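Biologist: Could you pick one part of this model and take me through it closely? I'd like to see how that part sits in the rest of the chain.

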Amino acid sequence: MAKWIGRPSVIELDALEQLPLEQATTVLSQEQTPICCCSVEFSGPLQGQMVLAFEDASGLALTDLLMEHPVGTNKEWTELCISAVLETTNILCCGYLNSLSQQLVFNSSSKDELLPGPPQFQREFAESLMEFLLMPQAIQFDQVIVATTRFQLNQMPVNWNLIFVPDAASRIQLASLLDDHA
């Protein structure tokens, strides 16, 4: 990530939580304003989605950094700005999924790779977005699992969230894999 942005950066797992759906929908924001997100569906031994979510100001500041403009230059989501955050999402998700694949040993005869699909950009209310992402788990369980990630850029916190959301079947498999590691 530091190479892509051209600045020192830190990405840390902030929380791995099992929450009731109504509480999980507020993970991104409790405000009633739209946020932007880039989502990536992944497949392989586990399936689900990864989401990079951010407020307009944080996302547009990222595009300014990537385009080597002063922060505040980009004021709206142009095709070039959207392309920049989609590529950032692709880089982050690939790194995250590669790391996860290395940490877990899957009980399958197929390759143990988690394969990301193409990222997609959307602008939505945070609660609606999280409800949509978590519904496959919520249908089967009374609580959902969400992993969130914290970012720092130039040693300053950045208001971006990278969220790992396994589907219902993968949630069961993850619990088994984690038990095997204990």
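Modeller: Let's start with a term: two strands pair if DSSP finds at least two bridges between them. Keep in mind that this is a predicted model. The part I'd pick is strand β6, residues 143-153. In the antiparallel sense, β6 pairs with strand β1 (residues 9-20), and the two share eleven bridges. To put your finger on one of those, find Leu16 and look across to β6, where its bridge partner is Ala147. The strand is mostly covered, too: of the eleven residues in β6, eight are buried.

From Ala147 you can step straight to Phe164, since Phe164 is in contact with Ile145, Val146 and Ala147. Phe164 also touches Phe42, Gln49, Met50, Tyr96, Leu97, Leu100 and Leu174, again leaving aside its neighbours within four places in sequence. Phe164 is one of the residues with the most contacts inside the largest nonpolar core, along with Phe54 and Trp160. That core has 30 residues. Our strand β6 supplies at least two of them, as do β2 (34-43), β3, α3, α4 (79-103) and β7 (156-166). The top contributor is α4, which gives seven residues. There is also a second, separate core of 17 residues, and Ile35, Cys37, Ala126 and Ile163 are included in it. As background, nonpolar side chains tend to be buried together in soluble globular proteins.

One polar neighbour of Phe164 deserves a stop. Gln49 sits in strand β3, residues 48-54. Buried means under 20% relative accessible area, and Gln49 counts as buried because its value is 17%. Apart from residues within four places in sequence, Gln49 is in contact with Ser39, Val40, Glu41 and Phe42, with Phe132 and Leu133, and with Ile163, Phe164 and Val165.

Another contributor to the largest core, helix α3, is worth following as well. Eight of the eleven residues of α3 are buried, so the rest of the structure largely encloses this helix. The buried ones are Ser58, Gly59, Leu60, Ala61, Leu62, Thr63, Asp64 and Leu65. Asp56 of α3 forms a salt bridge with Arg123, with the closest N and O atoms 2.5 Å apart. Asp56 is in helix α3 (residues 56-66) while Arg123 is in strand β5 (residues 120-125), so the pair ties together parts that are 67 residues apart in sequence. Asp56 counts as partly exposed, at 22% relative accessibility, and Arg123 is partly exposed at 44%. The count of salt bridges comes to one. Just after α3, look for Glu68, which takes a positive phi of about 55°.

Now zoom out to the setting. The chain has six helices and seven strands, and from the N terminus on they run α-β-α-β-β-α-α-β-β-α-β-β-α. Of the contacts between residues at least 6 apart in sequence, 70% join residues at least 24 apart. The radius of gyration is 16 Å, which agrees with the value near 16 Å for a compact globule of 182 residues. Along the principal axes, the C-alpha atoms fill a box of roughly 50 × 35 × 30 Å. Over the whole chain, 41% of the 182 residues count as buried. The chain exposes about 9900 Å², and carbon and sulfur atoms supply 51% of that.

How values were computed. Residues numbered from 1 in each chain as written. Predicted model: local features only at pLDDT ≥ 70, side-chain atom pairs only at ≥ 80, totals over all residues. Heavy atoms only, no water. Helix = DSSP H or I, 4+ residues; strand = E, 2+ residues; numbered from the N terminus. Buried < 20%, exposed > 50% of the residue type's maximum accessible area, 1.4 Å probe, protein only. Contact = heavy atoms within 4.5 Å. Salt bridge = Lys/Arg side-chain N within 4 Å of Asp/Glu carboxyl O. Core = buried A, V, L, I, M, F, W, Y, C linked by side-chain atoms within 4.5 Å. Rg over C-alpha atoms; globule rule 2.2 N^0.38 Å. Areas by Shrake-Rupley, 256 points an atom, 1.4 Å probe, with all protein chains shown as cover.
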